Structures are given as structure tokens and as C-alpha cells.
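This report looks at a ligand site, an annotated position and one helix, in that order. Please keep the sequence and the structure in view while reading.

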Amino acid sequence: MKEFELKNGNHIPALGLGTSGLRGKQCTEVVKKALELGYRHIDTADMYGNHRAVAEALNKSVLSRDELFITSKIQSEDLENKQLKKTADRLLSELELEYFDLLLIHWPSPEISVEESLKAMKELKEAGKVKNVGVSNFTIPLLKEALAAYPDLITVNQVEFHPTLYQKDLLDFAFKNDIILTAYSPLAQGEVFENSVLKSLGKKYDKSPAQLALRWLIEKNIVAIPKASSEAHLKNNLEVFDWDFPVDAAREMELLDQNNRLIDPGYPDFD
Ligand SMILES: NC(=O)c1ccc[n+]([C@@H]2O[C@H](COP(=O)([O-])OP(=O)(O)OC[C@H]3O[C@@H](n4cnc5c(N)ncnc54)[C@H](OP(=O)(O)O)[C@@H]3O)[C@@H](O)[C@H]2O)c1
């Protein structure tokens, strides 16, 4: 599995499994199958209500802890310093893990300062409970706040990113500040399969629109975490590394942006 280097020297697998919407037995089976197929990076969150189901799959796996990369996220209502640390302990106990490979602020809060939450994250890191600290849904102004408070702490910003939402300014800013972007909803929640350009490029090169979208992200040093629930989809999404990315596909895909944001609850201001 291809990996990207984080600013602290640690590595993150370039492809992970998104688990939003997967719960209970189905979640356990999908994560178990994904690990068998070669996935090593699992993206979950308190909000998804599936930590125990993920834990069951991890426990059934023959893989050792250091072969896995597990990300979880703290919800906005838990971002106050003490509450964040208490929540992190609960999440670790639900996941039956000693540490997170990556812990994210799931969504910034208009009420709690970035600095306060990051202080708690730093303390968790110092206590060995978090290997890498990150944020999610942070805009450039919020990233600047984070960098001003803790210049070296933030390694990842997980944001919506796909060919029809090409956040070039955010990507440039992240690159300049040595922050890796992770693309959530990398398949635009299934919309890539309706895109006529991706469909025709897919036909031409015998690749699925999902494979083209994921490879487009990975070529930009962006981690992708597609959610899939069938074995066929899991396999298809994993087969994105061992072929040449056609130059004309890369060029055409640069032109697909429509500022097509699928998740926007009003804060922060994405525009
Ligand atoms: N940080 C945040 O605020 C945030 C927000 C949203 C999402 N996320 C994370 O990002 C992950 C992915 O995003 P998402 O779940 O919104 O959407 P997505 O990954 O863009 O799309 C998932 C959809 O694509 C289908 N699919 C996957 N692979 C396919 C393939 N090869 N061929 C055909 N269809 C395929 C899935 O169907 P099947 O399920 O039937 O396979 C599902 O309907 C989430 O699960 C979550 O972990 C984070």
C-alpha cells in the first residue's frame, strides 16, 4: 500500500476505508473483508456509532497493531479541553485500542477556540494516546489559527474533495504548510458514476469512474477514504496504484470542478 509521509516523519496509507453509514454486523464484516483484501487504514468517528463493530473486525484480524492505521474523530460538542480528553478515552475503550494513529477534530466549533481543543490534542499526544493530530473541515483561516497556536501539531486536514469539488487554494495552502489533505466523499457520494467525462474516460481506459477519481486524488498527494460495502467495490477501489495514469485523463479531470459541495451545514464559511 502506497503511503504519504506526514510532517512529523510518520506515514499514512494513501487509501483508507470510510465507514460512515456502516454499523453493527455489516460494519464488522466490511472492515474484516477490507483488511483481508489489503486495506490498512480505517476511517471512523464517534458520530458514526460503529467503534465497537470496527473493534470486532480488528480483533478478528491477524494483522498486528503496527500494521494498522486507525483514524477517529471528536465531535464539535466535545471540543472543550477536559471533555475532549475524556471522550478520547471513551473512544479508545470502544475501539479496544491503546492509541489512535490519527485523531481529528471532526468539525470546528464556533463556540470553542481552536487553540483550546488543540491543547487537549497535544496533551493526548504527549500521553501516547494519539500518534498524529489532525483536523477536519478546516478552512484556510482556521488552519492559520491552528498553525499560529501550534505550528507543528497539525498533520492532516480531512475535507470534502473530489473531481467536481477541486479545492485548489486549500490544497496549495496545505502543501506550503506541510499538511496532508485527506479527501472525504472522494466519489462524490456516488455522483462520479453519473459524470459523463469520467464515464467516457473509464470506457476508454477500462477503469471505473471510482478508480479514476481515486487515482486523480492520490496523484496530488491526497489521501482518499472511499466508503464501500460490497467486496466488488472494495476491490475496485483498491486497484488504483499499479497502472499508468493516462495524461489526457489527468488533463481532462483538471477541468471537472463545479464547486459541487455536498456537505455544508453553514459553519465554517467555505466560500
Ligand atoms: N470528516 C467529515 O466530516 C466526513 C464527512 C463525510 C464523510 N467522511 C468520511 O469519508 C468517507 C467516504 O465518504 P462518503 O461515504 O460520503 O462517500 P463516497 O466514498 O464518496 O461514496 C460512497 C458511495 O460510493 C459507492 N461506491 C464505492 N465504491 C464504489 C465502486 N467501486 N463502484 C460503485 N460504487 C461504489 C458506495 O456504495 P456501496 O456502499 O454500495 O459500496 C457508496 O454509495 C465516509 O465513509 C467517512 O469515513 C468524513
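In this predicted model, the ligand is surrounded by 30 residues, of which D43, S185, K227, S229 and H233 are the closest. Polar contacts to oxygen atoms of the ligand come from a side chain in the case of D43, and from backbone atoms in the cases of L187 and Q189. The table sets out these three contacts.

| Residue | Atom on the protein side | Distance to a ligand oxygen atom |
|---|---|---|
| D43 | polar side-chain atom | 2.7 Å |
| L187 | backbone N or O atom | 2.8 Å |
| Q189 | backbone N or O atom | 3.0 Å |

D43 also leads to the annotated position, since D43 is among the residues touched by Y48. UniProt lists Y48 under "active site", in an entry that is unreviewed, and the annotation may be inferred rather than shown by experiment. Y48 is placed in the loop between strand 4 (41–43) and helix 2 (51–60). Is this residue, Y48, buried or exposed? Its relative accessibility is 13%, and because buried means under 20%, Y48 counts as buried. Leaving aside residues up to four places away in sequence, Y48 touches T19, S20, L22, R23, D43, K73 and H106.

H106, one of these contacts of Y48, can be set against a residue elsewhere in the chain. L255, in the segment after helix 10 (247–253), is separated from H106 by 149 residues in sequence and by 29 Å in space, taken from C-alpha to C-alpha. L255 has a relative accessible area of 71%, and because exposed means over 50%, L255 is classed as exposed.

Helix 4 (residues 114–126) offers a check on geometry: at 1.5 Å a residue, its 13 residues should span 18 Å, and the end C-alpha atoms are indeed 18 Å apart, so the two values agree. Which residues of helix 4 are buried? They are V114, S117, L118, A120, M121 and L124. Seen down the axis of helix 4, these buried residues fall within an arc of 155 degrees, and therefore they line one face of the helix. As general background, an α-helix has 3.6 residues a turn, which means that residues three or four places apart point the same way. The buried residues of helix 4 pack against helix 3 (81–95), strand 6 (100–105), strand 7 (130–136), helix 5 (140–149) and strand 8 (154–160). Just after helix 4, G128 adopts a positive phi of about 80 degrees.

Technical notes. Residues numbered from 1 in each chain as written. Predicted model: local features only at pLDDT ≥ 70, side-chain atom pairs only at ≥ 80, totals over all residues. Heavy atoms only, no water. Helix = DSSP H or I, 4+ residues; strand = E, 2+ residues; numbered from the N terminus. Expected span 1.5 Å × (residues − 1). Buried < 20%, exposed > 50% of the residue type's maximum accessible area, 1.4 Å probe, protein only. Arc of directions from axis to C-beta. Contact = heavy atoms within 4.5 Å. Near = heavy atom within 4 Å. Polar contact = N/O pair within 3.5 Å; in protein donor to acceptor, adjacent residues only side chain to side chain.
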